[in-house]
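Got your viewer open? Load the model, switch to cartoon view and let's take a walk through it.

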Amino acid sequence: MAFADQDSALSFIIDRTLSAFAFEMFAMSLIYAAIGGAIGLGFGVYHVRLVHERSRVRFLERELNEELPLLIARGESEQLEFKSSFRWDRRQEKVNRSLQQVIVKTLAGFLNQEGGTLLIGVEDDGSIAGIEADMQTLKPANQDGFERLLMDTAKEGLGGHACALIHCRFHKLEEKIVCRVIVEKSLEPIYFSEGSVARFMLRASNSTRELDVREAQAYLQHRGKVSI
């Protein structure tokens, strides 16, 4: 009987020890699994961001490396637009702020498509008009003043997050200054706000058009599927 009692006691101790060990191992396994999952998710997010940043760098390098005269010679397209001025109405010979809104709509169209380049100071036929008349309406009347107003107008119409995807460069052609605006593709839809109305603009062929609610919804659903 003594031996039987000892065996029972020993079995009880072993069972309790194994049970406690199994519980602790299970808890540790859960902790390690959670840590591993978090690390894996972190690496996944980092990889996606890295791929996106590399894509941005390649896009900007490609756009900046192309000589401006060759770019103009290609003519307007889905990723290239010419505007003779930013705010100076050459026909009326005065400031026309509605022209600024046209510029911002064009930027929104590029942001919602595949990005592109807007040349301000270039006529539709490719002749050089320059932005000197625009700059004379600004304080300061120079390139810094021009870029500041352009970015402020874009921020007001598109939101501050969109401005991070818009880059200005200035070039001198035929003794005139041309503003080269390079626009990256936005991963999120960008809306042009005009008062209380939000409009979805999209680049189509060599023009920018506004999509109605159904068209915008269909386009965004299709873009989401393509991204996936």
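The tour goes from the whole chain to a pocket and then to some aromatic rings.

**Stop 1: the whole thing.** Keep in mind that this is a predicted model. Colour by secondary structure and you should pick out seven helices and nine strands. The protein has 228 residues, and 34% of them count as buried. Now put on a surface: about 14,200 Å² is exposed, with 56% of that supplied by carbon and sulfur atoms. If you like contact maps, look away from the diagonal: among contacts with a separation of 6 or more, 65% are between residues 24 or more positions apart.

**Stop 2: the second largest pocket.** Select Ser-84, Ser-85, Arg-91, Leu-99 and Glu-123; of the 14 residues lining the second largest pocket, these are the closest to its centre. The volume of this pocket is about 370 Å³. Which elements give two or more residues to the lining? Show strand E1 (80-83) and helix H3 (98-112), and you have them. H3 is the top contributor, with three residues. Colour the lining by class and you get six charged, five nonpolar and three polar residues.

**Stop 3: Phe-146 and its partner.** Time for rings: the model has four aromatic pairs. Select Phe-146 and Phe-170 and show them as sticks. Their ring centres are 6.0 Å apart and the planes sit at 80 degrees; anything over 60 counts as edge-to-face, so that is what this pair is. Phe-146 belongs to helix H5 (residues 143-158) and Phe-170 to strand E5 (residues 166-173), so the pair ties together parts 24 residues apart in sequence. Is Phe-146 buried or exposed? Buried, with 0% relative accessibility. Add Phe-86 to the selection as well: Phe-86, Phe-146 and Phe-170 form one aromatic cluster.

**Stop 4: Phe-200 and Tyr-219.** Now move along to another pair. The ring centres of Phe-200 and Tyr-219 are also 6.0 Å apart, but here the planes are at 50 degrees, so the pair counts as tilted. Show strand E8 (residues 197-204) to place Phe-200 and helix H7 (residues 213-227) to place Tyr-219; the pair links distant parts of the chain, 19 residues apart. How do the two fare for exposure? Being buried takes under 20% relative accessible area. Phe-200, at 2%, is buried, and Tyr-219 counts as buried too, at 16%.

Definitions and conventions. Residues numbered from 1 in each chain as written. Predicted model: local features only at pLDDT ≥ 70, side-chain atom pairs only at ≥ 80, totals over all residues. Heavy atoms only, no water. Helix = DSSP H or I, 4+ residues; strand = E, 2+ residues; numbered from the N terminus. Buried < 20%, exposed > 50% of the residue type's maximum accessible area, 1.4 Å probe, protein only. Contact = heavy atoms within 4.5 Å. Areas by Shrake-Rupley, 256 points an atom, 1.4 Å probe, with all protein chains shown as cover. 1 Å grid on protein atoms, 1.4 Å probe; cavity = no way out; pocket = protein on both sides within 12 Å on 5 of 7 lines; lining within 4 Å. Points joined across faces, edges and corners; volume = space filled by probe spheres on them. Nonpolar A, V, L, I, M, F, W, Y, C, P; charged D, E, K, R; others polar. Phe/Tyr/Trp six-rings, centres within 6.5 Å; stacked < 30°, edge-to-face > 60°.
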